Amino acid sequence: MTTSRVAVVTGGTRGIGKAISVALKAAGYRVAANYCGNDEAAQEFTKETGVPTYKFDVADYAACKKGVAAITHDLGPVDILVNNAGITRDGTMHKMDCDQWNAVINTNLGSCFNMCRTVIDGMRDRAFGRIVNVGSINGQMGQYGQVNYAAAKSGIHGFTKALAQEGAGKHITVNAIAPGYVDTDMVRSVPPPVLEKIIARIPVGRLGRAEDIARGVLFLVADDADFITGATLSINGGQHMY
Ligand code: NDP
């Protein structure tokens with residue numbers, strides 16, 4: 001493996017993103033972790049891991065350009081992009097307002113455009129790139145109260161397949177990971193009785209660990225994973241198979 005490759009992980013300071021940042025660093029990549037609002041968590045993360053953080057909103061195209069420029073200045077051109085940042089703003093359709101819809105679409109799906117558009121020219125010029133987009137089991141199955149989130153995550157899976165076709169001739173692979181329920185702050189906000197019912201439907205009998213998802217990312221971004229593109233890797237403890 002080439003250890004000089006530069007990897008950017010959006011939402012890389014907490015939860016699944018943190019585990020991805022840590023795993024990439026341990027494997028020898030030069031890692032930049034992005035975040036948006038939680039400075040305290042970001043500072044703690046850098047203290048613990050030594051990975052530098054870059055604060056910008058992935059829903060904002062201009063901010064992404066500025067953020068990636070700073071990363072490129074500090075670490076070098078981006079070879080690996082992990083579009084991991086995501087949020088939920090749940091509510092049934094008849095109670096959902098436009099802000100809930102727009103925030104989730106722009107943060108989860110718009111961010112993939114904003115970040116990929118920013119790094120794609122450099123990847124094409126250097127004829128190498130690895131992009132991993134974090135989707136969700138709920139983008140594959142749909143979920144009550146998550147029209148916005150399921151639409152955004154389902155969109156990620158289509159986005160991935162289209163960009164994979166465009167990148168193939170330039171040695172840029174584009175894949176998605178669809179995590180099942182993983183024990184992070186996002187899932188801890190689910191009411192305990194609902195969570196118990198969810199765990200009962202997971203054949204391996206537990207929530208995922210952030211490290212379970214990071215393992216998949218490491219696999220997909222390797223230099224010699226160049227024949228794997230346009231794929232969705234489901235990591236969900238057997239909860240959804242198709
Ligand atoms: P967390 O809520 O634990 O962490 C989210 C991270 O994303 C934080 O670092 C946060 O930064 C960052 N972030 C949020 N909004 C923005 C933004 N606008 N710009 C930049 N960074 C942002 O999430 P998880 O680790 O649980 O989820 C990670 C990804 O995995 C998401 O895409 C999620 O949808 C997906 N996923 C998660 C599942 C789960 O069970 N946890 C299941 C399936 C998919 P800050 O600290 O500043 O808020």
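Colleague: How far is an oxygen atom of the ligand from a polar backbone atom of I16?
Modeller: This is a predicted model: local features need pLDDT of at least 70, side-chain atom pairs count only at pLDDT 80 or more, and totals for chains, interfaces and linings use all residues. Residues are numbered from 1 along each chain as its sequence is written; side-chain values use heavy atoms, without hydrogens and water. The ligand oxygen and the polar backbone atom of I16 are separated by 2.8 Å.

Colleague: What percentage of the ligand's exposed area does the protein bury?
Modeller: A ligand oxygen also sits 3.0 Å from a polar backbone atom of C36, and one is 2.8 Å from a polar backbone atom of N38. Alone, the ligand exposes 910 Å² (Shrake-Rupley, 1.4 Å probe). The protein buries 93%.

Colleague: How many residues surround the ligand?
Modeller: The cut-off is a heavy atom within 4 Å. G37, N84, Y149, V182 and T184 are the closest. The total is 31.

Colleague: Is N84 buried or exposed?
Modeller: N84 lies in the loop between β4 (80–83) and α4 (98–126). Its contacts (heavy atoms within 4.5 Å) beyond four places in sequence include V9, T10, G11 and V134. Buried means under 20% relative accessible area, exposed over 50%, partly exposed in between (1.4 Å probe, protein chains only). N84 has 11%, so it counts as buried.

Colleague: Which backbone nitrogen does the side chain of S136 reach?
Modeller: S136 is in the loop between β5 and α5 (137–141). S136 is buried too, at 5%. It touches Y149, K153, H157, I177, A178 and P179, leaving out residues up to four places away in sequence. At 2.9 Å, its side chain reaches the backbone nitrogen of N138.

Colleague: Which strands stand at the sheet edges, and why is one side of each left without a neighbour?
Modeller: The open sheet has 7 strands (DSSP E runs of at least two residues). The order is β3-β2-β1-β4-β5-β6-β7, with parallel pairing (at least two DSSP bridges). Each edge strand has a single partner, so one side lacks a neighbour: β3 (53–55) and β7 (232–235).

Colleague: What is the average twist from one strand to the next?
Modeller: Angles run from 0 to 180 degrees between N-to-C directions of lines fitted to C-alpha atoms. On that basis, the twist averages 20°.

Colleague: Which strands does helix α6 touch?
Modeller: Helix α2 (39–49) packs on the sheet against β2 and β3, at about 165° to β3. Helix α6 (147–167) packs there as well, its direction making about 160° with that of β6. The strands touched by α6 are β5 (129–134), β6 (172–179) and β7.

Methods
Helices (H or I, at least four residues) and strands (E, at least two) are DSSP runs, numbered from the N terminus. A polar contact is a pair of N or O atoms within 3.5 Å; within protein, one must be able to donate a hydrogen and the other to accept it, and residues adjacent in sequence count only if both atoms are side-chain atoms.
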